[in-house]
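Work through the exercises below with the model open beside you. Try each task before reading its solution.

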Amino acid sequence: MKAVIVCVSVSHGNTRRIAEAIARPLAAPVVAPEELDPADLTGYDLVGFGSGVFTGRLHPHLRRFVSTVPSAAPSAEHPCRAFVFATSGLPEPGFRPFTRPTERALAVKGFRIVDGFTARGHDTWLPFRLVGGINKHRPDSRDLAAAHTFAERLRSATTPTS
């Protein structure tokens, strides 16, 4: 299985650490959007998209990248699978998951969303900056282990059996 993870991590490296934990079991490179031509995504069996959460949404740089991804033509040989992940200082509201708009945008382009993952991260957005931030030690070893387990499940679910 050929996989890649497109990641925007700008504040404290939270999302990059989660991306790397997911990447290891998938043997996938972690790249910034500017390091990959969106048209090249059709050459992958599984694509991850992730960023930190800013005002309840994924980073604008990742959203712009997703908007430039060409429509995928799924086939039996290439089902165009994707997953979306995020890190956030605040808990994700159940009625409005952070990853949902990106998942919808990818689904419209022909990607089959196979799963999603969120983790808490160190957050110094105002007003949290005034108190030194929240979740200062996150993602922690449990978060990274959960990301690793998530990736192992993805690998098992998306690797074709011969």
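A residue is called buried under 20% relative accessible area, exposed over 50%, and partly exposed in between. The model is predicted. Keep both points in mind throughout.

**Exercise 1. Backbone outliers**

Task: Find where Ala27 sits, give the sign of its phi, and decide whether it is buried or exposed.

Solution.
- Step 1. Locate it. Ala27 is in the loop between H1 and strand E2 (30-31).
- Step 2. Read the torsion. Phi of Ala27 is positive, about 50°, although the residue is not a glycine.
- Step 3. Recall the background. Most residues other than glycine have a negative phi, and most peptide bonds are trans.
- Step 4. Apply the cut-off. Ala27 has a relative accessible area of 68%, so it is exposed.

Task: Do the same for Thr55.

Solution.
- Step 1. Thr55 belongs to the loop between E3 and strand E4 (57-58).
- Step 2. Its phi is near 50°, a positive value in a residue other than glycine.
- Step 3. The relative accessibility of Thr55 is 67%, so it counts as exposed.

Task: Which kind of peptide bond, cis or trans, runs from Arg138 to Pro139?

Solution.
- Step 1. Take omega. For the bond from Arg138 to Pro139 it is near -5°.
- Step 2. Classify. That bond is cis.
- Step 3. Place it. Pro139 is in the loop between strand E6 (112-120) and H4.

**Exercise 2. A helix pair**

Task: Describe how H1 and H4 cross, then list the residues that make the contact.

Solution.
- Step 1. Start with the axes. Those of H1 and helix H4 (residues 141-158) come within 8 Å. They cross at roughly 35°.
- Step 2. Assign the hand. The crossing of H1 with H4 is right-handed.
- Step 3. List the H1 side: Arg17, Ile18, Ala21, Ile22, Pro25 and Leu26.
- Step 4. List the H4 side: Asp143, Leu144, Ala147, His148, Phe150, Ala151, Glu152, Leu154 and Arg155.
- Step 5. Sort the contact residues by type. There are 10 nonpolar, 1 polar and 4 charged.

**Exercise 3. The largest pocket**

Task: Give the volume of the largest pocket and characterise its lining.

Solution.
- Step 1. Recall the idea. Rolling a probe the size of a water molecule over the atoms shows where empty space is left.
- Step 2. State the volume. For the largest pocket it is about 420 Å³.
- Step 3. Find the centre. Among the 26 lining residues, Val53, Phe54, Gly89, Asp123 and Trp125 are the closest to it.
- Step 4. Trace the elements. Helix H1 (14-26), strand E3 (46-54) and strand E5 (81-88) each supply at least two lining residues.
- Step 5. Rank them. E3 gives the most, with 3 residues.
- Step 6. Sort the lining by type. It has 10 nonpolar, 15 polar and 1 charged residue.

**Exercise 4. Burial and contacts**

Ignore neighbours up to four places away in sequence when listing contacts.

Task: Is Ala28 buried or exposed, and which residues does it touch?

Solution.
- Step 1. Ala28 is in the loop between H1 and E2.
- Step 2. Its relative accessibility is 11%, so Ala28 counts as buried.
- Step 3. Beyond four places in sequence, Ala28 touches Ala3, Val4, Ile5 and Ala23.
- Step 4. Check one distance. Ala28 and Ile5 are 23 residues apart along the chain, with their C-alpha atoms separated by 6.6 Å.

Task: Compare Thr99 and Leu90 by placing, classifying and listing contacts for each.

Solution.
- Step 1. Thr99 is in the loop between E5 and helix H3 (100-108). Leu90 is in the loop between E5 and H3.
- Step 2. With a relative accessible area of 5%, Thr99 is buried. Leu90 has 43%, so it is partly exposed.
- Step 3. Outside four places in sequence, Thr99 is in contact with Val84, Phe85, Ala86, Glu92 and Thr118.
- Step 4. Under that rule, Leu90 touches Phe98, Arg120, Asp123, Phe128 and Ile134.
- Step 5. Add a distance. The C-alpha atoms of Leu90 and Ala119 are separated by 9.5 Å, with their positions 29 residues apart along the chain.

Task: Classify Arg16 and list its contacts.

Solution.
- Step 1. Arg16 lies in helix H1.
- Step 2. At 33% relative accessibility, it counts as partly exposed.
- Step 3. Leaving out residues up to four places away, Arg16 touches Cys7, Ser9 and Val30.
- Step 4. Arg16 and Ser51 are 35 residues apart in sequence and 8.2 Å apart in space, C-alpha to C-alpha.

Methods:
Residues numbered from 1 in each chain as written. Predicted model: local features only at pLDDT ≥ 70, side-chain atom pairs only at ≥ 80, totals over all residues. Heavy atoms only, no water. 1 Å grid on protein atoms, 1.4 Å probe; cavity = no way out; pocket = protein on both sides within 12 Å on 5 of 7 lines; lining within 4 Å. Points joined across faces, edges and corners; volume = space filled by probe spheres on them. Helix = DSSP H or I, 4+ residues; strand = E, 2+ residues; numbered from the N terminus. Nonpolar A, V, L, I, M, F, W, Y, C, P; charged D, E, K, R; others polar. Axes fitted to C-alpha atoms, helices over the stretch in contact; angles between N-to-C directions. Left-handed = near helix turned anticlockwise from the far one by under 90°. Contact = heavy atoms within 4.5 Å. Buried < 20%, exposed > 50% of the residue type's maximum accessible area, 1.4 Å probe, protein only.
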